[in-house]
Amino acid sequence: MADFDFALGEMADAIRDTTARFAADRIAPLAARIDAEDWFPKELWPEMGALGLHGITVEQEDGGLGLGYLEHVVAQEEVARASASIGLSYGAHSNLCVNQIRRWGNAEQKQRYLPKLISGEHVGSLAMSEAGAGSDVVSMKLRAEKKGDRYILNGTKFWITNATYADTLVVYAKTGDGSRGITTFLIEKDFAGFSIGQKIDKVGMRGSPTAELVFQDCEVPEENVMGPVGGGVGVLMSGLDYERTVLAGIQLGIMQACLDTVLPYLRERKQFGQPIGAFQLMQAKVADMYVALNSARAYVYAVARNCDAGRTTRFDAAGAILLASENAVRVANEAVQALGGAGYTKDWPVERYMRDAKLLDIGAGTNEIRRMLIGREVIGA
């Protein structure tokens with residue numbers, strides 16, 4: 001089947017080709033084991049770094065490729081097509097961590113942290129959520145008190161992607177009261193008083209490690225404040241649009257993976273003397289899957305282009321991942337149904353796609369929050 005040409009440009013096409021070859025050769029053969037063993041193959045990180053995948057949006061003078069969010073979405077899509085779990089960890093590393101440091105870090109911070117994150121020698125993470133502060137992020141309890149030339153952090157973070165392997169973490173903590181009392185810190189895994197708490201066993205996205213972070217009188221040098229003191233909400237919110245746009249690429253990859261599995265099956269599986277793809281109900285199912293994928297692609301790519309042009313809107317970034325996430329859940333469910341009993345076994349990957357797809361109905365802001373945000377912005381309430 002020929003792919004629809006979205007005319008993304010030579011650079012995006014080149015990124016897709018390079019990433020797709022790497023993902024097919026190195027990630028896809030590991031995908032089943034990654035899921036079954038909840039295993040994070042850290043050795044992939046330097047290989048991805050060598051291809052430039054970790055620094056796609058980072059300026060060339062800081063060691064990146066100097067490209068845009070469109071190219072980042074395309075890379076994200078192709079990684080997730082091979083393994084959504086690796087795609088999630090890749091997005092948390094390259095966008096939530098690397099891109100935030102690229103956008104908000106000062107010259108010394110960029111020089112200190114970006115090279116090893118971009119090369120893949122180090123793994124990055126971002127810590128925003130807590131057990132009692134998810135959608136209501138301003139209610140976070142992790143506190144940072146200034147003492148001399150350092151801050152002392154006490155509290156916990158929860159649901160943190162890449163936590164168990166992260167060398168550098170972008171962490172938000174309370175330095176005051178209200179929305180203007182949050183500050184962003186760059187945390188290193190070896191800081192005194194910092195440790196990893198309980199590991200979280202998830203239904204899907206297994207192999208993308210998720211855990212609790214524990215801060216017990218964790219000492220953070222003053223120079224590790226990223227952005228203005230008390231300006232953490234601005235740092236956080238300004239990154240959410242790009243986070244949602246790039247992570248929507250995971251859902252595109254899952255939908256393409258579903259079609260990659262379903263189409264050959266429908267051509268080869270026979271019932272009543274003919275391939276089941278000859279039956280109109282199955283053709284309709286595939287048509288719906290194909291349209292769901294390409295409609296989501298069109299919206300996500302358009303929003304990514306607007307991000308690159310400085311014209312993105314918060315409600316469209318939310319809208320793009322809302323459409324992609326719900327379409328992916330539906331497409332994955334249809335993929336299981338198309339394979340029938342086989343689809344409900346571990347012998348075929350579609351049950352993994354179904355489990356993996358559900359996460360982004362919840363992560364990066366739930367679909368309920370996305371709808372609230374879009375409705376409020378569109379109405380002007």
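This passage describes the aromatic ring contacts of a predicted model. Across the whole structure, a search identifies 10 aromatic pairs.

One of these pairs is formed by Phe6 and Tyr301, whose ring centres are 5.2 Å apart and whose planes meet at 85°, so that the arrangement is edge-to-face. Phe6 belongs to the segment before helix H1 (10–27), whereas Tyr301 is part of helix H8 (residues 280–308), and the contact therefore ties together parts of the chain that are 295 residues apart in sequence. Both partners are buried: Phe6 has a relative accessible area of 19%, which falls under the 20% limit for this class, and Tyr301 has a relative accessible area of 2%. The contact between these two rings is not isolated, in that ring pairs link Phe4, Phe6 and Tyr301 into a cluster.

An edge-to-face geometry is also found for Tyr265 and Trp348, with 5.2 Å from centre to centre and 85° between the planes. Here Tyr265 is located in helix H7 (residues 232–268), while Trp348 is located in the loop between helix H9 (314–339) and helix H10 (350–357), so this pair ties together parts that are 83 residues apart in sequence. With a relative accessible area of 12%, Tyr265 is buried, whereas Trp348, at 32% relative accessibility, counts as partly exposed.

A contact of another kind, between a charge and a ring, involves Arg33 and Trp39. Arg33 lies over the face of Trp39, at 3.7 Å from the ring centre.

Terms used:
Residues numbered from 1 in each chain as written. Predicted model: local features only at pLDDT ≥ 70, side-chain atom pairs only at ≥ 80, totals over all residues. Heavy atoms only, no water. Phe/Tyr/Trp six-rings, centres within 6.5 Å; stacked < 30°, edge-to-face > 60°. Helix = DSSP H or I, 4+ residues; strand = E, 2+ residues; numbered from the N terminus. Buried < 20%, exposed > 50% of the residue type's maximum accessible area, 1.4 Å probe, protein only. Lys NZ or Arg CZ within 6 Å of the ring centre and 35° of its normal.
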